[in-house]
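Work through the exercises below with the sequence and the model open. Each task is followed by a solution in steps.

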Amino acid sequence: ERLKASIGIMREMPSVMKQLAIVQFFSWTPMFLMWVYIFAAVTQTAWGVDPIWFDPDYIKSVDQVPAEVTAARGAAGDWIGILYAVMYISAALFSTVMGKMANVIGRKPTYAFGLAAGGIGFLTMGQFTNPEIVDLNLLITQVSVPMGAVGMLVPMMGVGIAWAALIAMPYTILAGAVPASKTGIYMGIFNFTIAAPQIISGLFAGWIVSAVFDNNAIYILMLAGVAMILGAA
């Protein structure tokens, strides 16, 4: 009886919630892929490390990982923190204008704009391949990184805009469409639309990266960009 009741509730979901569930799939999948594969993508793209050094089977077959590969992985790992910082700062800045933007052009266009910005960010990240080393003063520290790594700060701003929209706009859109008496139930169901894309990605992304993209992680981020653009559409 509980199963029948649950199915009945899902069938009665407002159309806006069903539409948002589809958007959630195409927006949370890219975020999961970024969290898992951005380290490999940045290391391979900006530092020029061969994708073969991200193949566990190959690494097991060699006696020792070259020092330059280890150094590049370490430097890229440190730089990921800077990329995430730029992403969250961009999210915070966009959050300050997102509400006003929604009032002017509407909530759905604002949400679509945010996702499109993130999609473009993911799609363009692979363009930053300049290996020239530059010294960068970050106020709190001095770092030497490839120019390509510095360029990746720009697409991460777009991802930050998407993150801000993804966290706030779906609930804002949903709030006016869900019956007050069933808010708790529908919000619980809606939260599953956040978990489901990540579960599915976790099951299949590893195979796609190794079998389809030959461990070139930047391609999975480009696929994430396509997904986010579809979410915006």
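**Exercise 1. The nonpolar core**

Task: Find how many residues the largest nonpolar core has and which of them have the most contacts inside it.

Solution. This is a predicted model. Step one: the largest nonpolar core comprises 67 residues. Step two: Met34 and Trp47 are the residues with the most contacts inside this core. Step three: sort the core by helix. At least two residues each come from H2 (15-46), H4 (67-105), H5 (107-124), H6 (147-151), H7 (153-175), H8 (183-212) and H9 (217-232). Step four: H2 contributes the most, with 14 residues. Step five: look at Met34 itself. With neighbours within four places in sequence left aside, Met34 is in contact with Tyr84, Met87, Phe122, Met156, Val159 and Leu221.

**Exercise 2. Thr45**

Task: Decide whether Thr45 is buried or exposed, and list its contacts beyond neighbours within four places in sequence.

Solution. Step one: locate the residue; Thr45 belongs to helix H2. Step two: the relative accessible area of Thr45 is 10%. The cut-off for buried is under 20%, so Thr45 is buried. Step three: check the side chain for a polar partner. One of its polar atoms lies 2.7 Å from the backbone oxygen of Ala41. Step four: leaving aside neighbours within four places in sequence, Thr45 contacts Met125, Gly126, Phe128, Thr129, Met152 and Ile218.

**Exercise 3. A patch on the surface**

Task: Identify the residues that form a nonpolar patch on the surface and the helix that gives the largest share of it.

Solution. Step one: the patch is formed by Phe25, Phe192, Ile199, Ile200, Leu203 and Phe204. Step two: together these residues have about 620 Å² of accessible area. Step three: assign the patch to helices. H8 provides the largest share, five residues; Ile199 is one residue that lies in H8.

**Exercise 4. The whole chain**

Task: Describe the protein chain by its secondary structure, its box, and its buried and accessible parts.

Solution. Step one: the protein chain has nine helices and two strands. Step two: read from the N terminus, the order of elements is α-α-α-α-α-β-β-α-α-α-α. Step three: along the principal axes, the C-alpha atoms fill a box of roughly 60 × 40 × 25 Å. Step four: 42% of the 233 residues count as buried. Step five: the accessible surface is about 12000 Å², with 66% of it belonging to carbon and sulfur atoms. Step six: among contacts with a separation of 6 or more, 77% are between residues 24 or more positions apart.

Notes: Residues are numbered from 1 along each chain as its sequence is written. This is a predicted model: local features need pLDDT of at least 70, side-chain atom pairs count only at pLDDT 80 or more; totals for chains, interfaces and linings use all residues. Side-chain values use heavy atoms; hydrogens and water are left out. A nonpolar core is a set of buried Ala, Val, Leu, Ile, Met, Phe, Trp, Tyr and Cys residues joined through side-chain atoms within 4.5 Å. Buried means under 20% relative accessible area, exposed over 50%, partly exposed in between (1.4 Å probe, protein chains only). Helices (H or I, at least four residues) and strands (E, at least two) are DSSP runs, numbered from the N terminus. Contact means heavy atoms within 4.5 Å. Patches are made of residues with over 30% relative accessible area and no salt bridge: like charges are joined within 9 Å, nonpolar side chains (Val, Leu, Ile, Met, Phe, Trp, Tyr) within 5 Å. Accessible areas come from the Shrake-Rupley method with a 1.4 Å probe; for residues, only the protein chains shown count as cover. A salt bridge is a side-chain nitrogen of Lys or Arg within 4 Å of a carboxyl oxygen of Asp or Glu. A polar contact is a pair of N or O atoms within 3.5 Å; within protein, one must be able to donate a hydrogen and the other to accept it, and residues adjacent in sequence count only if both atoms are side-chain atoms.
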